[in-house]
Amino acid sequence: MESSSNPDQNEVSVSGTPKSSVSSPYRRTYSDISGLSHRFDVQSFYNRPSKTNAVVLSGHEEDLSEDAEEPKDDVVDGDGDHNVSDSDIDSAEDAELEMMRERFAKLLLGEDMSGSGKGVCTAVTVSNSITNLYATVFGQSLRLQPLSTEKKDLWKREMNCFMSICDYIVEVIPRSLGTNVEITETKLRSDILMSLPALRKLDNMLMEILDSFTENEFWYVERGSSSMNSSGGGRDSGTFRKVVVQRKDEKWWLPVPCVPAEGLSEEERKNLRHKRDCANQIHKAALAINDSTLNDMDIPDSYLTTLPKSGKASVGDVIYKQLCTAEKFYPDQLLDILKITSEHEALEIADKVEASLVTWRRKTGGLAHSKSSWDMMKEMSGDAGNDKNHILAARARSLLFCLKQRYPELSQTSLDICKIQYNRDVGKAVLESYSRVLEGLAYNVVSWIDDVLYVDRTVRNRDD
């Protein structure tokens with residue numbers, strides 16, 4: 001399936017855009033047009049008192065006679081300024097409500113406006129919409145600076161709409177009231193109850209980090225601009241740019257960070273490192289939630305039918321030999337032996353290892369679907385048993401984990417994409433897409449801070 005998402009600056013979906021753009025529709029960051037990207041506060045609209053409610057609550061009726069005074073369409077105050085009339089406000093709200101209805105209709109129709117039922121399922125549509133919303137809000141953010149108020153409001157408003165879906169995803173729990181009496185209670189599903197508040201917190205923390213970049217000692221110039229090519233030492237001169245240009249050739253679309261001739265102050269440097277550490281922890285937390293959600297999704301039959309009969313055929317002779325013969329397995333050493341030179345090669349190896357991992361798991365117990373996170377941990381810790389397939393699956397899992405840690409910008413694997421494409425659980429779709437876009441944003445923030453620190457380090461080393 002092709003997502004309508006398009007990449008974001010430092011990691012995005014396929015489409016041949018910035019490095020962020022890698023060949024996966026479910027890249028760690030993305031871009032395109034949001035399916036619900038329009039200004040409308042649903043909560044405030046439905047909470048506002050209507051004229052009917054006002055009549056009932058006040059206990060008297062409005063004067064609806066022909067002699068009743070009609071509201072003026074255009075009121076002028078004492079200063080001669082024109083005030084907006086109630087009718088203008090009502091018509092604006094009606095227009096916004098109609099727009100919201102149209103967008104929700106498209107969402108529920110699964111992007112198929114013919115109504116013939118050929119659209120994608122709701123879970124996939126919600127996932128695509130969150131991906132596209134992220135691209136709309138953050139797709140043009142290429143530097144360390146606060147979001148505009150308009151984009152920040154758009155992000156909060158529409159994410160609240162998407163997350164409100166989860167308020168109605170519950171599980172039924174029986175409760176005994178005595179010997180012969182039993183009732184059932186409902187509560188939020190456990191995965192949503194645990195992960196959604198955490199994602200909201202990570203989201204707020206990332207916004208706070210971006211909002212803190214207001215009075216900075218560093219600044220940016222566009223690549224190829226006259227200020228970048230000048231040789232002066234002022235804030236607008238682009239001093240020390242040539243060193244950075246050589247480092248950023250693969251990111252030609254990004255603006256280039258600049259620092260003063262003497263480098264950043266110690267306080268600014270300490271501040272940046274602290275924010276980088278925070279963003280890095282947010283990235284790890286979002287990645288963990290994303291991996292956990294994907295692991296809980298069923299493996300589609302369409303993926304299983306493409307697997308070869310043996311894990312060795314999937315992973316290749318070199319990796320299989322290392323997985324099979326070593327008494328003690330060290331995934332880092334195996335990655336060093338493979339000498340991976342590009343992200344594309346890393347993703348190809350990840351796909352092969354994951355395919356063999358699924359094959360070996362199926363042989364251990366006829367596994368046709370996903371495994372719980374606890375089963376994954378037992379495999380990685382070596383508690384899965386002494387069966388050869390168990391051991392190979394555990395080692396393949398640890399190799400895949402190490403590979404993703406070494407290449408954090410790696411896009412979604414073929415299995416992950418397949419799971420997202422065939423997922424029918426709306427709650428998991430919200431958790432997966434929300435964690436994925438936060439993971440991409442956090443990674444971008446870390447990369448941008450690293451760029452500034454690199455320029456500062458280059459300047460100070462040159463002075464020494």
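Reader: Phe 218 and Tyr 220: buried or exposed?
Author: Both are buried. This is a predicted model. The label means under 20% relative accessible area. Across the chain, 45% of the 464 residues count as buried.

Reader: What makes Ser 435 count as buried or exposed?
Author: Its relative accessibility is 0%. The cut-off for buried is under 20%, so Ser 435 counts as buried. Ser 435 lies in helix H18.

Reader: Which residues is Ser 435 in contact with, leaving aside its neighbours within four places in sequence?
Author: Leu 199, Ala 286, Ile 289 and Asn 290. A contact requires heavy atoms within 4.5 Å. Leu 199 is itself one of the buried residues of H6. The C-alpha atoms of Ser 435 and Arg 200 are 9.6 Å apart, although 235 residues separate the two along the chain.

Reader: How many aromatic pairs does a search of the whole structure find?
Author: Six aromatic pairs. One of them joins Tyr 134 and Trp 155.

Reader: What makes the pair of Tyr 134 and Trp 155 stacked or edge-to-face?
Author: The centres are 6.4 Å apart and the planes meet at 75 degrees. Pairing needs centres within 6.5 Å, and edge-to-face needs over 60 degrees. Both conditions hold, so the pair is edge-to-face. Tyr 134 is in helix H4 and Trp 155 in helix H5, so the pair ties together parts 21 residues apart in sequence. Tyr 134 and Trp 155 are both buried.

Reader: How do you classify the pair of Phe 218 and Tyr 220?
Author: As edge-to-face: 6.0 Å centre to centre, with 85 degrees between the planes. The angle passes the cut-off of over 60 degrees, so the label follows.

Reader: Which residues form one aromatic cluster?
Author: Tyr 134, Phe 138 and Trp 155.

Reader: Which residues have the most contacts inside the largest nonpolar core?
Author: Phe 138, Leu 144, Trp 155, Phe 218 and Tyr 434. The core has 49 residues. H4, H5, H6, H9 and H18 each give two or more residues to this core. H18 supplies the largest share, 15 residues. In soluble globular proteins, nonpolar side chains tend to be buried together.

Reader: How do you know what H4 should span?
Author: H4 has 17 residues, and at 1.5 Å a residue it should span 24 Å. Its end C-alpha atoms are 24 Å apart, so the values agree. H4 is also mostly covered: 15 of its 17 residues are buried.

Reader: How far does H6 reach from its first C-alpha to its last?
Author: 32 Å, for 22 residues. That is close to the 32 Å expected at 1.5 Å a residue. Buried residues in H6 include Ile 192, Leu 196, Asp 203 and Met 207.

Reader: Why is Lys 275 said to lie over the face of Phe 213?
Author: Lys 275 is at 4.3 Å from the ring centre. The distance limit is within 6 Å, so that part of the test is met.

Reader: What is the phi of Lys 339?
Author: It is positive, about 50 degrees, although Lys 339 is not a glycine. Most residues other than glycine have a negative phi. Lys 339 is in the loop between helix H13 and helix H14.

Reader: What makes Lys 339 buried or exposed?
Author: Its relative accessibility is 65%. Exposed means over 50%, so Lys 339 counts as exposed.

Definitions and conventions. Residues numbered from 1 in each chain as written. Predicted model: local features only at pLDDT ≥ 70, side-chain atom pairs only at ≥ 80, totals over all residues. Heavy atoms only, no water. Helix = DSSP H or I, 4+ residues; strand = E, 2+ residues; numbered from the N terminus. Expected span 1.5 Å × (residues − 1). Buried < 20%, exposed > 50% of the residue type's maximum accessible area, 1.4 Å probe, protein only. Phe/Tyr/Trp six-rings, centres within 6.5 Å; stacked < 30°, edge-to-face > 60°. Lys NZ or Arg CZ within 6 Å of the ring centre and 35° of its normal. Core = buried A, V, L, I, M, F, W, Y, C linked by side-chain atoms within 4.5 Å.
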